[in-house]
Amino acid sequence: MTTHKIGIIGLGKIAQDQHLPAIRANPNFELLAVSSTRGLTDHDAQYTFRDYRDLLGLKDVEAVSICTPPQVRHQIAREALLAGKSVLLEKPPAATLSELEDLRHLGEKQGKTVFTTWHAQYNKAVGEAKKALAGWSIKRLQVTWKEDVRHWHPGQQWIWEAGGFGVFDPGINALSIVTRIMPEPVFIKTADLEFPANKDAPIAATLQLQTGHADGDLQAVFDWRQTGPQTWDIEVETEAGFALKLSHGGSCLEIDGRLVVQEEPAEYQGIYRRFDALLTLGRSEVDDAPFRLVADAFMIGRRVQVEAFED
Ligand code: NAP
């Protein structure tokens, strides 16, 4: 087994909190280089660049993890694939569905791996919820994803800009769990999107969802104005009568009130194990299901203007 020599592009919060430790903990990866527009570095990296194009010029780099904001991911990923590198795409994988489709095609053409990462799916509780729901019709789904944007996204202006997704930046994590666990396709029926008067992205959203069973009561509520206790819960009730609840962002699972899984999240370890397997097999994994729900919400969403918000 040869180790994968990897580079990280964009040394922001998620790269520092999760990617660097996960790469360090996986013996099948070696961090060869990082690129940071601010000139940050990491002691494990042999090379540091300010311009990611210089990183892409390193012959020995097999793959790059693109940890920038989504607005610039497509351009960087495109150049990486053209330079013969495989790509790991942080979520959301691009700014638009058509950009992602372009990357999928380019990956195929170049014979390189394209990997869309949906970190919330890498919780054991999510896998167990999927198994429990398999084959059942869903009567009720309630997604409640409410957090304090000032606490979780300090100084991140890109989240408020067009293509930054606003409250869908965390909301897409909930939707990635929904698309993973639901036994049949889910689609958006209505969406109310609350835009602060001074921002180009929503601060809150309420979605009505549906499956082929039109009588289900399926709803998702996202809100970035939550102070005090934070809520990342998904409750599901089946026609068969049993109910389950995923809480703490998908790391805990209760079925009919009984705790079934409670684990410290190890999402990024799971992501790099999967990336290792995909690189070794020379395969891609491009899952656009959560991204499609967000795109649809923006496509049919009713825009509601709310009071200006200062971070
Ligand atoms: P962040 O702290 O703002 O970091 C993004 C970094 O990307 C910046 O610090 C900058 O790092 C680099 N960058 C910015 N603009 C760039 C450009 N035009 N070209 C190249 N690099 C650029 O944001 P983050 O929270 O890490 O989020 C990044 C991505 O990870 C987002 O898509 C987000 O949804 C996802 N994510 C975040 C979290 C989280 O908890 N924060 C969790 C999971 C996934 P340098 O100055 O070092 O280049």
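Buried here means under 20% relative accessible area, exposed means over 50%, and partly exposed is what falls in between. With that in hand, let's walk through this model, which is a predicted one.

**Aromatic pairs**

The count of aromatic pairs comes to 12. Take Tyr47 and Phe49: their ring centres are 6.3 Å apart and their planes meet at 5°, so this pair is stacked. Phe49 has a relative accessibility of 17%, and because buried means under 20%, Phe49 counts as buried. Its partner Tyr47 comes out at 34% relative accessible area, so Tyr47 is partly exposed.

Now for Trp160 and Phe309, whose ring centres sit 5.6 Å apart with planes at 40°, so this pair is tilted. Where along the chain do Trp160 and Phe309 lie? Trp160 is in the loop between helix H6 (149–152) and helix H7 (168–181), while Phe309 is in the segment after strand S15 (302–306). That puts the two residues 149 places apart, and the pair links distant parts of the chain. Both Trp160 and Phe309 are buried.

Here are the two pairs set out together:

| Pair | Distance between ring centres | Angle between planes | Class |
|---|---|---|---|
| Tyr47 and Phe49 | 6.3 Å | 5° | stacked |
| Trp160 and Phe309 | 5.6 Å | 40° | tilted |

Aromatic rings turn up in other settings too. One aromatic cluster is formed by Phe29, Phe115, Tyr272 and Phe275. Over at Phe195, the charged end of Arg303 sits over the ring, 4.1 Å from its centre.

**Ser35 and its surroundings**

Phe49 shows up again when we look at Ser35, which belongs to strand S2 (residues 29–35). Ser35 has a relative accessible area of 2%, so Ser35 is buried. What does Ser35 contact, leaving aside its neighbours within four places in sequence? The list is Ile8, Ile9, Gly10, Leu11, Phe49, Asp51, Tyr52 and Leu55.

**Helix H3**

Helix H3 covers residues 73–82. Of its 10 residues, 7 are buried, so H3 is largely enclosed by the rest of the structure. Those buried residues are Arg73, His74, Ile76, Ala77, Glu79, Ala80 and Leu81. What do they pack against? Among the helices, it's H2 (52–56) and H4 (97–110); among the strands, it's S1 (4–9), S4 (63–66), S5 (86–89) and S6 (114–116). After H3 comes Gly84, with a positive phi near 85°.

Helix H4, one of those packing partners, also holds Glu108. Glu108 has 60% relative accessibility, so Glu108 counts as exposed. The C-alpha atom of Glu108 is 8.2 Å from that of Ser284, even though 176 residues separate the two along the chain.

**The largest pocket**

H3 also has a part in the largest pocket: helix H1 (13–24), H3, H7 and helix H8 (267–281) each supply at least two residues of the lining. H1 gives the largest share, with 4 residues. The space in this pocket is about 1,300 Å³. Its lining takes in 46 residues, and Lys13, Ile14, His153, Asp169 and Tyr268 lie nearest the centre. How do the lining residues divide into nonpolar, polar and charged? The split is 19 nonpolar, 16 polar and 11 charged.

Methods
Residues are numbered from 1 along each chain as its sequence is written. This is a predicted model: local features need pLDDT of at least 70, side-chain atom pairs count only at pLDDT 80 or more; totals for chains, interfaces and linings use all residues. Side-chain values use heavy atoms; hydrogens and water are left out. Rings of Phe, Tyr and Trp (its six-membered ring) pair if their centres lie within 6.5 Å; planes under 30 degrees apart count as stacked, over 60 as edge-to-face and the rest as tilted. Buried means under 20% relative accessible area, exposed over 50%, partly exposed in between (1.4 Å probe, protein chains only). A charge sits over a ring if NZ of Lys or CZ of Arg is within 6 Å of the ring centre and within 35 degrees of the ring normal. Contact means heavy atoms within 4.5 Å. On a 1 Å grid over the protein atoms alone, a cavity is a set of points where a 1.4 Å probe fits but cannot get out, and a pocket is an open set with protein on both sides within 12 Å along at least five of seven lines; lining residues have an atom within 4 Å of a point. Grid points are joined across faces, edges and corners, and a volume is the space filled by probe spheres set on the points. Ala, Val, Leu, Ile, Met, Phe, Trp, Tyr, Cys and Pro count as nonpolar, Asp, Glu, Lys and Arg as charged, and the others, Gly among them, as polar.
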